[in-house]
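Student: Please take a close look at the backbone of this model, at the places where its torsion angles depart from the usual values. I would like one connected account.

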Amino acid sequence: IVIREEKKRAPDPLRLGTRVLVRSKGTNDTGCFLEGRLVDWKELKDGKWEFAVDAPLLDPKRHTFVYEKDSSAYLIPPHQKHDDLKISVGARVVGTFDDKAVGGGWAWFEGEVTAWDGTHATVKYNDGSEWTTKYPPREQVMDIRHSEDVLSLSAVEKMDAANIALIVIKEAKRDAPKEMKIGMRVLVRSSGMNSRPCLMEGRLKELKERRDGRWQLTVYAPLANPKPHTFMYSENPSSYVVPPDPELKMEVGVRVVGCFGDGEAEGKWAWYEGDVTAWDGTTATVEYTDSTIWKTQYPSRREMLNIEESEKLLTRNTVQSLHPALMPLLIIREAKKGAPEELRLGKRVLVRSTGANGAPCLLEGRLVDFDVKEDEKWHIVVNAPLGSTKRREFVYDVDATEYVIVSPEKEHKMGVDSRVVGCFGDSQAEGGWAWYY
């Protein structure tokens with residue numbers, strides 16, 4: 001029987017039956033958490049979410065909370081096995097101990113891992129006690145669906161310290177990434193004229209550690225009209241670029257960005273990516289992602305790269321007044337040796353898709369990046385269709401079925417039975433048109 005209409009999708013952690021630990025106090029006012037289970041949720045008028053928890057499960061009472069990612073009143077541990085936080089020295093955990101001062105007779109108590117040998121964790125709890133426990137605990141003990149049985153008062157009382165249940169609630173605190181410094185230049189991916197990929201000038205405003213141990217960046221960009229953009233720190237980010245410090249050596253193959261006026265980009269100018277295809281010691285020839293080629297002296301106009309004064313030094317007027325031969329360049333990536341010859345920024349890449357009535361077609365695209373990834377294979381990034389900002393990543397393969405790299409230098413001879421593609425309007429294809437065989 002349907003008793004309630006489908007609700008707007010709630011935040012991912014809010015699922016019926018999810019384990020929720022409710023903050024409480026035990027003997028001598030020692031902080032602890034009561035074992036609880038999420039039993040309902042609803043959206044409030046202000047767009048926030050309210051949820052209800054029954055806790056402790058052995059003596060249930062209804063608790064209601066407004067959902068927050070970082071709350072001091074409750075804790076929602078990872079509820080999927082693949083989401084489990086990593087245990088290591090310095091990690092924060094909660095363990096099960098009986099305590100007659102709390103409802104139900106037991107609770108979760110918080111501590112920090114002081115030693116870890118791969119199978120056993122030594123934990124110093126907030127009350128000063130220290131115990132060594134096998135980790136991970138048995139799966140059936142952690143099954144919230146049967147918590148009243150597997151974590152009953154008698155079950156918890158029978159557990160010795162070596163076999164109590166443990167949950168990692170926060171990974172070991174790590175030092176902030178050394179290369180990330182407040183006030184530094186961070187370039188944010190965006191799009192400009194004709195949806196061409198570009199990078200906005202930005203500055204790192206805030207760097208903070210989240211409860212899960214990851215670092216969150218707040219970048220203000222573009223500096224001409226600053227807005228906050230938040231990202232999770234990554235050593236290989238896809239949404240932002242941090243120019244290396246100290247700057248890399250100029251040579252053939254390095255990835256650079258040059259500044260160009262662009263009336264459709266936020267801030268009316270942006271950085272565009274390109275690869276250095278020639279370098280004579282004073283002048284770099286750069287092929288940009290839109291296939292344009294410019295020769296620029298290097299280094300040039302270094303005084304304009306002071307990020308502390310960027311709003312004054314790199315304005316729409318100053319950038320538009322620069323001739324490409326004298327504009328400043330930033331090296332953002334070292335040269336990638338051994339790249340396949342046909343991988344050149346700006347090349348036409350046709351990406352397989354479907355159009356009207358599911359007919360196979362090819363979307364017009366442009367190669368905007370290529371690199372060797374962890375699998376030691378070359379990966380390419382294609383902007384397709386060109387009227388959008390969509391970036392598609394593929395493993396490079398000369399016989400790829402997902403895409404076709406069009407190389408003018410290898411243009412095939414036209415003849416009877418030659419395979420060709422022609423462009424046709426198609427309202428059902430992404431971009432409104434496509435190439436058809």
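Tutor: Ser-195 is buried, because its relative accessible area is 19% and the cut-off for buried is under 20%. In this predicted model, Ser-195 is not a glycine, yet has a positive phi of about 60°. The residue sits in the loop that runs between β11 (187–191) and β12 (197–200).

Asp-29 is another residue other than glycine with a positive phi, here near 60°. Its surroundings are the loop between β1 (19–25) and β2 (31–43). With a relative accessible area of 57%, Asp-29 is exposed, since exposed means over 50%. Thus a positive phi occurs at Ser-195, which is buried, and at Asp-29, which is exposed.

These angles are worth listing because most residues other than glycine have a negative phi, and most peptide bonds are trans.

The second part of that statement leads to the peptide bonds. Tyr-135 and Pro-136 are joined by a cis peptide bond, with omega about 0°. Pro-136 belongs to the loop between β9 (130–134) and α1 (147–150). Asp-245 and Pro-246 are also linked through a cis peptide bond, and omega there is about 5°. The loop that holds Pro-246 lies between β16 (240–241) and β17 (255–261).

To place the four sites along the chain: Asp-29 is in the loop between β1 and β2, Pro-136 in the loop between β9 and α1, Ser-195 in the loop between β11 and β12, and Pro-246 in the loop between β16 and β17.

Definitions and conventions: Residues are numbered from 1 along each chain as its sequence is written. This is a predicted model: local features need pLDDT of at least 70, side-chain atom pairs count only at pLDDT 80 or more; totals for chains, interfaces and linings use all residues. Side-chain values use heavy atoms; hydrogens and water are left out. Helices (H or I, at least four residues) and strands (E, at least two) are DSSP runs, numbered from the N terminus. Buried means under 20% relative accessible area, exposed over 50%, partly exposed in between (1.4 Å probe, protein chains only).
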